[in-house]
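Please walk through the following structure with the sequence at hand. The account starts from a charged side chain and ends with the backbone.

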Amino acid sequence: MERETQFIGQSAAFQDAVDRASQAALLDRPVLVIGERGTGKELIAERLHRLSARWDKPYVILNCAAMPETLIEAELFGHEAGAFTGATRSRAGRFEEADGGTLFLDELATMSMAAQERLLRAVEYGEITRVGASRPVRVDVRIVAATNEHLPALVEDNRFRADLLDRLSFEVITLPPLRAREGDIEVLATYFGQRMAAVLGWEEWPGFGPRALAAMEGHDWPGNVRELRNVIERAIYRWADATRPVDALSFDPFASPWQPTVQRKAAAPASAPSAAASEAAPAAPPSGPVSDLRAAVDGYERQILADTMARCRYNQKVAAEALGLSYDQIRHALKKHGLNQ
């Protein structure tokens, strides 16, 4: 599929963040975009560029986490021939490539302290020096940076320069997680669902069933919009009948009764089994004296649920039918015992 560049959402929290980005775009100042993974930080950064006076100039992206610490300075500022092993010719860095436009630094918090020091000078004075060069080069670049870290806490831990944070934080746009975007989950799910149905050649979009909608609203979405898109597209791809509403979701694509067992470095002594081993071992109903009835019942109920889910290949609908429960009842029980997939 083509890259998603649209903003989909109607919640006040989401609209406030987009509006703030639109307002900040008009000023030629650095902006920090903060948010959990999958919240759309790169889309906000691109919006800041497209709505600015630099819209027709270069928009250059660098993922700081993808660059080894030894190479990130050369990638940012360029290098001269012979500056280091393998540098057979001179090369302009991302700052020079973005001259006149915008440089988006993703995963800013992963940048080394040495690179931060050189970045500070570039932001402060509009000058960069290629690795191995003696003369600085003037550049006109707007910086937009993104991270999922709390940068003031990193400053306190001496992992991020306070003076650089001061220079980059003219405006800070914090994106709300999907779980805080009231009403947006179904809107986004429908949008992604219609697109995937079109890709698969479905004649019309049948919508979602009540169980799927309830499961969406009950999930925490740690991966936010990116996770939601994957879940919805996977559900439609696996749905066998294009004429019926999609009513089954799989949140964990790795869930399987044949999942490989993680090998431990050292086995726990037989006399003192580990908590993980005890949890994994099948439990029989307590036969001896019981001092805590509630704990015993909860433990047995958890084991029944775990065994049934594995036997039903982690299909909650099938497991619910096997246990004589409704879908909502089994969802509640799985969540209660930490077994929700």
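R121 is partly exposed, because its relative accessible area of 46% falls between the limits for buried and exposed. This residue forms a salt bridge with E127, and the closest N and O atoms of the pair are 3.7 Å apart. The model is a predicted one, and every value given here is computed from it.

The wider setting is as follows. The protein chain has 341 residues, of which 40% are buried. Its secondary structure consists of 14 helices and seven strands. Among contacts with a separation of 6 or more, 71% are between residues 24 or more positions apart. The chain exposes about 19400 Å², and carbon and sulfur atoms supply 50% of that area.

Charge pairs come next. Side chains of opposite charge can pair when their charged atoms come close. The count of salt bridges is 19. One of them joins the side chains of E80 and R130, with an N to O distance of 3.7 Å. E80 is in the loop between α3 (69-77) and α4 (94-97), while R130 is in the loop between β4 (127-128) and β5 (137-138), so this pair ties together parts that are 50 residues apart in sequence. The two partners can also be described by their exposure. E80 is partly exposed, with a relative accessible area of 25%. R130, at 17%, is buried, because the cut-off for buried is under 20%.

Another salt bridge is formed by D241 and R244, whose closest N and O atoms are 3.3 Å apart. D241 counts as partly exposed at 27% relative accessibility, and R244 is also partly exposed, with a relative accessible area of 42%. Elsewhere, D28, R54 and D140 are linked in a network of salt bridges.

Charged side chains also meet aromatic rings. R181 lies over the face of F14, at 3.8 Å from the ring centre. In a second case, the charged end of R29 sits over the ring of F170, 5.9 Å from the centre of that ring.

How many aromatic pairs does the structure hold? There are five. In one of them, W205 and F208 have ring centres 5.1 Å apart and planes at 75°, so the pair is edge-to-face. W205 is partly exposed, with a relative accessible area of 22%. F208 counts as buried at 12% relative accessibility.

Now turn to the interior. Why is helix α2 (residues 41-50) described as largely enclosed by the rest of the structure? Seven of its ten residues are buried, so the description follows from that count. The buried residues are K41, L43, I44, A45, E46, L48 and H49. They pack against the helix α1 (12-25) and against the strands β1 (31-34), β2 (59-63), β3 (102-106), β6 (142-147) and β7 (171-174).

Strand β6 contains A145, a buried residue with a relative accessible area of 0%. Leaving aside neighbours within four places in sequence, A145 is in contact with V31, L32, V33, F104, L105 and L108. The C-alpha atoms of A145 and E107 are separated by 7.6 Å, although the two residues are 38 residues apart along the chain.

The surface offers a nonpolar patch. V199, L200 and Y237 form it, and together they have about 320 Å² of accessible area. Y237 belongs to helix α10 (residues 224-238). With a relative accessible area of 59%, Y237 is exposed.

Helix α10 also holds N224, which leads to the backbone. Most residues other than glycine have a negative phi. N224 has a positive phi of about 60° although it is not a glycine. N158 likewise has a positive phi of about 60° without being a glycine. Where is N158 placed? N158 is in the loop between α6 (151-156) and α7 (162-168). The accessibility of each asparagine completes the description: N158 counts as exposed at 64% relative accessibility, whereas N224 counts as buried at 0%.

Technical notes: Residues numbered from 1 in each chain as written. Predicted model: local features only at pLDDT ≥ 70, side-chain atom pairs only at ≥ 80, totals over all residues. Heavy atoms only, no water. Patch = residues over 30% accessible without salt bridge, like charges linked within 9 Å, V, L, I, M, F, W, Y side chains within 5 Å. Areas by Shrake-Rupley, 256 points an atom, 1.4 Å probe, with all protein chains shown as cover. Salt bridge = Lys/Arg side-chain N within 4 Å of Asp/Glu carboxyl O. Helix = DSSP H or I, 4+ residues; strand = E, 2+ residues; numbered from the N terminus. Buried < 20%, exposed > 50% of the residue type's maximum accessible area, 1.4 Å probe, protein only. Contact = heavy atoms within 4.5 Å. Phe/Tyr/Trp six-rings, centres within 6.5 Å; stacked < 30°, edge-to-face > 60°. Lys NZ or Arg CZ within 6 Å of the ring centre and 35° of its normal.
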